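I opened this entry to note what I looked up, step by step, for someone who has not met the structure before.

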There are 2 protein chains.
Amino acid sequence: MAGPHTLAETERAVESRLSDMNLDFEAMAVTSNLFRAANAVRNRLEGTVLKPHDLTWTAFVVLWVTWIWEEVETRIIAEEGGFSKATLSGVLATLERRGLVVRERSADDGRLVIVRLSPAGRRLMRRLFPLFNQQEQAVVAAIPAADRPGTAEALRRMTVTASEPR
Amino acid sequence: MAGPHTLAETERAVESRLSDMNLDFEAMAVTSNLFRAANAVRNRLEGTVLKPHDLTWTAFVVLWVTWIWEEVETRIIAEEGGFSKATLSGVLATLERRGLVVRERSADDGRLVIVRLSPAGRRLMRRLFPLFNQQEQAVVAAIPAADRPGTAEALRRMTVTASEPR
DNA sequence: GGCCAATAATTTGGGCCCGAATGATCACGC
DNA sequence: GCGTGATCATTCGGGCCCAAATTATTGGCC
């Protein structure tokens with residue numbers, strides 16, 4: 001951001017350009033700020049925490065989900081992380097090659113693959129996650145404390161509604 | 001989403017897994033819901049509006065920015081859209097090949113490239129954008145009306161803070 | 001046992017994505 | 001004029017991303 005147009009300038013240009021189309025500008029403002037914010041926060045987290053360890057965003061998400069659930073089926077990682085299993089296969093190959101993750105076939109069901117962190121993977125997450133959380137804290141500090149729970153709730157509601165079948 | 005773990009279950013698992021690490025769970029909740037929401041809303045918009053016209057998310061953002069500003073330098077599109085100029089070059093090639101966009105070198109400054117929509121591109125945006133906005137409206141409707149301006153403002157603040165140099 | 005539909009993960013092909021390198025153009029000082 | 005450093009857009013290489021096709025396994029059902 002910090003381009004030649006400010007957020008406010010952009011929003012004004014949008015409104016005058018579209019004034020004859022009978023649109024919901026409030027909905028536009030919410031979603032466009034949603035994408036801007038997600039992008040900006042992701043960029044910051046990548047730059048401060050991930051890039052120094054040569055991790056991509058998706059790789060970090062995979063490590064995170066695996067870390068939380070101790071052992072987890074691949075399809076769960078993909079659902080939880082919000083990307084396809086095809087993408088996951090590639091990212092897991094990278095992470096396994098780097099020794100951060102282990103794949104093993106399920107004993108119960110030979111179609112399933114179970115993923116775990118290697119000891120190196122666990123060490124990495126234990127070291128990285130507090131740094132990650134510090135950056136999250138710095139960004140969320142921009143919201144008045146009283147508004148934070150309401151913001152999280154609004155985002156949760158949008159997630160649920162957007163995920164509904166149509 | 002709608003996986004085998006609900007949002008609430010995941011948040012509980014996270015908290016018990018990380019209880020000894022002295023983390024800011026409120027900040028975590030805000031950012032993780034930020035990414036979930038952005039992902040879910042984007043997936044919905046892609047599925048309902050973009051995919052039927054074989055447009056990617058980034059291609060649509062490029063069309064949108066160009067539509068709003070009538071004519072615009074490539075570097076502005078990249079900044080406004082939140083991706084690199086390298087990415088933009090490829091996407092513009094695709095859009096130009098499909099006849100939705102025109103590139104021309106600036107007369108004032110031979111280094112710059114100016115982008116405009118073709119008539120077909122303008123027709124497409126005029127047709128697509130109301131549909132896009134309808135979907136935005138459906139998603140934002142999940143937030144109580146009184147909370148919408150506050151949500152947009154919270155997102156704006158996060159964007160600004162996350163974009164600050166460190 | 002032998003077939004068969006359902007369900008997994010992976011591979012494939014094409015597009016997006018970035019940082020770094022490249023080549024073109026500009027602005028400025030002389 | 002003529003360098004020289006700054007500023008553009010593009011290209012290149014490697015990784016992510018998805019839908020569709022592929023390969024493997026499972027759980028009925030006879």
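**DNA strand D**

I began with the surroundings of DNA strand D in this predicted model, where I find 19 residues around the strand, the closest being T58(A), S84(A), T87(A), T74(B) and R75(B). I then looked at which part of the strand the protein meets, and sugar and phosphate make up 78% of the atoms of DNA strand D that come within 4 Å of the protein.

For the phosphate oxygens of DNA strand D I noted three distances. A backbone N or O atom of S84(A) is 2.7 Å from one such oxygen, and for G110(A), again with a backbone N or O atom, the distance is 3.0 Å. From chain B, R103(B) places a polar side-chain atom 2.8 Å from a phosphate oxygen of the strand.

Which helices supply at least two residues each of the surface near DNA strand D? I list helix 5 (85-97) of chain A, and helix 4 (74-81) and helix 5 (85-97) of chain B. By class, I count 4 nonpolar, 8 polar and 7 charged residues on the surface near DNA strand D.

**DNA strand C**

I repeated the search for DNA strand C, which has 20 residues around it, with T74(A), R75(A), T58(B), S84(B) and T87(B) as the closest. Of the strand's atoms within 4 Å of the protein, 77% belong to sugar or phosphate, while the rest belong to bases.

On the side of chain A, an N or O atom in the side chain of R75(A) is 2.7 Å from a phosphate oxygen of DNA strand C, and for the side chain of R103(A) I note 2.8 Å. On the side of chain B, a polar side-chain atom of T58(B) lies 2.3 Å from a phosphate oxygen of this strand.

The surface near DNA strand C draws at least two residues from each of helix 4 (74-81) and helix 5 of chain A and helix 5 of chain B, and its residues divide into 5 nonpolar, 8 polar and 7 charged.

**How the two chains are related**

Next I asked what rotation superposes chain B on chain A. The rotation is 180°, with 0.0 Å of shift along its axis and an RMSD of 0.1 Å, and that is the relation of a two-fold axis. In chain B, the C-alpha nearest this axis belongs to T151(B), at 2.9 Å. Both copies use the same surface, since 99% of the contact residues of chain B recur in chain A.

**Helix packing between and within chains**

Between the chains, I looked up helix 2 (residues 25-50) of chain A and helix 6 (residues 119-140) of chain B, which pack at about 80° with their axes 8 Å apart. Angles of 65 to 115 degrees count as roughly perpendicular, and these two helices are therefore roughly perpendicular to each other. The contact involves A27(A), M28(A), V30(A) and T31(A) from helix 2 of chain A, and F129(B), N133(B), E136(B), Q137(B) and V140(B) from helix 6 of chain B. I sort these residues into 5 nonpolar, 3 polar and 1 charged.

Within chain A, helix 3 (residues 57-69) and helix 6 (residues 119-140) pack at about 110°, with their axes 11 Å apart, and they are therefore roughly perpendicular as well. Helix 3 brings W57(A), F60(A), L63(A), W64(A) and W67(A) to the contact, and among the residues from helix 6 are L124(A), M125(A), F129(A) and F132(A). By class, I record 10 nonpolar, no polar and 2 charged residues in this contact.

How values were computed:
Residues are numbered from 1 along each chain as its sequence is written. Chains are lettered from A and ligands numbered from 1 in the order in which they are written. This is a predicted model: local features need pLDDT of at least 70, side-chain atom pairs count only at pLDDT 80 or more; totals for chains, interfaces and linings use all residues. Side-chain values use heavy atoms; hydrogens and water are left out. Axes are lines fitted to C-alpha atoms, for helices over the stretch in contact, and angles run from 0 to 180 degrees between N-to-C directions. Helices (H or I, at least four residues) and strands (E, at least two) are DSSP runs, numbered from the N terminus. Angles under 35 degrees count as roughly parallel, over 145 as roughly antiparallel, 65 to 115 as roughly perpendicular and the rest as oblique. Contact means heavy atoms within 4.5 Å. Ala, Val, Leu, Ile, Met, Phe, Trp, Tyr, Cys and Pro count as nonpolar, Asp, Glu, Lys and Arg as charged, and the others, Gly among them, as polar. Copies are superposed by least squares on the C-alpha atoms of residues with pLDDT of at least 70 in both. A residue is near a molecule or strand if one of its heavy atoms lies within 4 Å of it. A polar contact is a pair of N or O atoms within 3.5 Å; within protein, one must be able to donate a hydrogen and the other to accept it, and residues adjacent in sequence count only if both atoms are side-chain atoms.
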